[in-house]
Amino acid sequence: MNTFPLDDQLVFLIDRLNSAVNVCYEAPDRTDQGYAYATGYSRSAMADVANHLSKIVEQMREEVDG
């Protein structure tokens, strides 16, 4: 089980998504990044957040059913 409080986990996920949004805005204007970088970074962030949220839901359901 995760040892971090739920609100801390959610704040982390919000920060991860905000970071991906910022990359999408900034990367196209950077010669060493561009749209491909923004796409890859954002895809990775969204997949990570979705995976983590799924785990949170599983933990919450276990607590209720437990």
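Tutor: In this predicted model, glutamine 9 is buried, with a relative accessible area of 6%, and this residue is found in helix H1.

Student: Which side chain does glutamine 9 join in a polar contact?

Tutor: The side chain of glutamine 9 is joined to that of histidine 52 by a polar contact of 3.2 Å, and His52 is itself listed among the buried residues of H2.

Student: How should I read the spacing of the buried residues in H2?

Tutor: The general idea is that an α-helix has 3.6 residues a turn, so residues three or four places apart point the same way. In this structure, the buried residues of H2 are Gly34, Ala38, Ser42, Ala45, Val49, His52, Ile56 and Gln59, and these buried residues pack against H1.

Student: What span does H2 reach, and what span is expected?

Tutor: A helix is expected to rise 1.5 Å a residue, and for H2, with its 32 residues, this gives an expected 46 Å; the reach from its first C-alpha to its last is 47 Å, which is close to that value.

Student: Which residues make the nonpolar surface patch, and which elements give two or more residues to that patch?

Tutor: Leu6, Leu10, Leu53 and Met60 make a nonpolar surface patch of about 320 Å², and the elements that give two or more residues to this patch are helix H1 (6–26) and helix H2 (34–65).

Student: Is leucine 6 buried or partly exposed?

Tutor: Leucine 6, which is found in helix H1, is partly exposed because its relative accessible area is 38%, whereas glutamine 9, also found in helix H1, is buried at 6%.

Key
Residues are numbered from 1 along each chain as its sequence is written. This is a predicted model: local features need pLDDT of at least 70, side-chain atom pairs count only at pLDDT 80 or more; totals for chains, interfaces and linings use all residues. Side-chain values use heavy atoms; hydrogens and water are left out. Patches are made of residues with over 30% relative accessible area and no salt bridge: like charges are joined within 9 Å, nonpolar side chains (Val, Leu, Ile, Met, Phe, Trp, Tyr) within 5 Å. Accessible areas come from the Shrake-Rupley method with a 1.4 Å probe; for residues, only the protein chains shown count as cover. A salt bridge is a side-chain nitrogen of Lys or Arg within 4 Å of a carboxyl oxygen of Asp or Glu. Helices (H or I, at least four residues) and strands (E, at least two) are DSSP runs, numbered from the N terminus. Buried means under 20% relative accessible area, exposed over 50%, partly exposed in between (1.4 Å probe, protein chains only). The expected span of a helix is 1.5 Å times one less than its number of residues. Contact means heavy atoms within 4.5 Å. A polar contact is a pair of N or O atoms within 3.5 Å; within protein, one must be able to donate a hydrogen and the other to accept it, and residues adjacent in sequence count only if both atoms are side-chain atoms.
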